[in-house]
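Grab a coffee and work through these short exercises with the structure open beside you. Try each task before reading its solution.

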Amino acid sequence: MGTFSSFFDSQSRSQWNYNTLKNFRQISPIVQTHLKKVYMTLCCMLVASAFGAYLHIIWNIGGYLTTFACFGAIIWLHSTPPCQEQKRVSLLMASAVFEGASIGPLIDLAIQIDPSVLVAAFVGTALAFACFSGAAMLARRREYLYLGGLLSSGVSMLLWLHFASSIFGGSTALFKMEIYLGLLVFVGYMVVDTQGIIEKAHLGDLDYVKHALTLFTDFVAVFVRILIIMLKNSAEKGERKKKKRSD
């Protein structure tokens with residue numbers, strides 16, 4: 001709890017005004033240019049992922065095969081030297097398409113239940129991403145990087161919860177804990193990874209392909225969890241309406 005209290009105390013001590021919002025002096029022009037390339041690549045990945053989800057809706061291709069193909073493309077990407085930029089970008093977009101196809105069944109379910117939930121989940125994820133990434137950019141350098149150890153512990157807890165639910169059978173409470181804890185962890189990673197990318201860029205690591213992949217992973221993880229929560233709430237509301245009509 002002390003870690004989270006210090007996180008919010010540091011925010012309250014900051015003077016958030018118009019001049020603060022324009023203050024990017026801590027980020028050098030080279031790093032700012034790098035961040036523009038990272039976020040442009042991220043936008044292209046989101047479009048490619050939406051195309052992958054569309055392919056699943058048409059041809060029902062999403063599943064374990066596309067998931068393994070996504071992992072394969074990412075491994076191939078990491079094993080490709082940075083000098084082969086065109087090949088690495090192609091592999092990056094391929095991994096985004098496969099990722100979109102992998103979450104295609106969830107998106108297809110959302111469209112069948114309530115398409116507005118899908119739009120709301122995406123907008124909510126985009127707003128959360130913009131807010132937390134912006135906070136990481138405006139904060140002092142390396143201010144939130146210490147949260148990485150705490151978030152890694154959260155990922156370990158998620159893995160153990162998933163392992164326990166697969167062996168002993170999942171309960172509703174365990175499922176909710178896994179979803180909400182995962183949402184909290186990956187929202188935190190939006191902040192930590194953004195500051196990590198900025199710090200690496202200051203140290204000379206300008207690999208925008210790898211950095212865009214990191215942020216894309218965070219975005220998809222948050223989007224999936226927000227969509228599941230909203231779908232569950234929508235289903236519960238539908239059941240309540242049916243009960244009222246039957247009564």
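**Exercise 1: cysteines**

Start with cysteine 43: work out its exposure class, then decide how many disulfides the model holds.

*Solution.* Keep in mind that this is a predicted model.
- Step one: cysteine 43 has a relative accessible area of 44%, and since partly exposed runs between the 20% and 50% cut-offs, cysteine 43 is partly exposed.
- Step two: look for a partner. The closest cysteine sulfur belongs to cysteine 44, and it sits 7.0 Å from the sulfur of cysteine 43.
- Step three: a disulfide needs the two sulfurs within 2.5 Å, so 7.0 Å is too far for a bond.
- Step four: the count for the model comes to 0 disulfides.

While you're on cysteines, take cysteine 131 too: at 52% relative accessible area, cysteine 131 is exposed.

**Exercise 2: salt bridges**

Find the salt-bridge partner of aspartate 207, and say where in the chain the two residues sit.

*Solution.*
- Step one: the model has 2 salt bridges. In one of them, aspartate 207 pairs with arginine 88, at 2.9 Å from N to O. That passes the test, because the cut-off is 4 Å.
- Step two: place the residues. Aspartate 207 lies in the loop between helix H9 (172-202) and helix H10 (208-246), while arginine 88 belongs to helix H5 (residues 85-102). The two are 119 residues apart, so this pair links distant parts of the chain.
- Step three: check burial, which means under 20% relative accessible area. Aspartate 207 comes in at 14% and arginine 88 at 6%, so both are buried.

Now do the pair formed by aspartate 205 and lysine 210: are these residues buried or partly exposed?

*Solution.* Their side chains meet in a salt bridge at 3.6 Å, N to O. Aspartate 205 has 26% relative accessible area and lysine 210 has 28%, so each counts as partly exposed.

**Exercise 3: the core**

Which residues touch the most other members of the largest nonpolar core, and which helix supplies its largest share?

*Solution.*
- Step one: this core has 58 residues, and Leu35, Phe223 and Leu227 touch the most other members.
- Step two: several helices feed in. H3 (29-59), H5, H6 (104-113), H7 (115-138), H8 (147-168), H9 and H10 each supply at least two residues.
- Step three: H10 gives the largest share, with 16 residues.
- Step four: zoom in on phenylalanine 223. Leaving aside neighbours within four places in sequence, phenylalanine 223 is in contact with Ile103, Ile107, Leu118, Ala121, Phe122 and Thr125.

As background, nonpolar side chains tend to be buried together in soluble globular proteins.

Methods:
Residues numbered from 1 in each chain as written. Predicted model: local features only at pLDDT ≥ 70, side-chain atom pairs only at ≥ 80, totals over all residues. Heavy atoms only, no water. Helix = DSSP H or I, 4+ residues; strand = E, 2+ residues; numbered from the N terminus. Buried < 20%, exposed > 50% of the residue type's maximum accessible area, 1.4 Å probe, protein only. Core = buried A, V, L, I, M, F, W, Y, C linked by side-chain atoms within 4.5 Å. Contact = heavy atoms within 4.5 Å.
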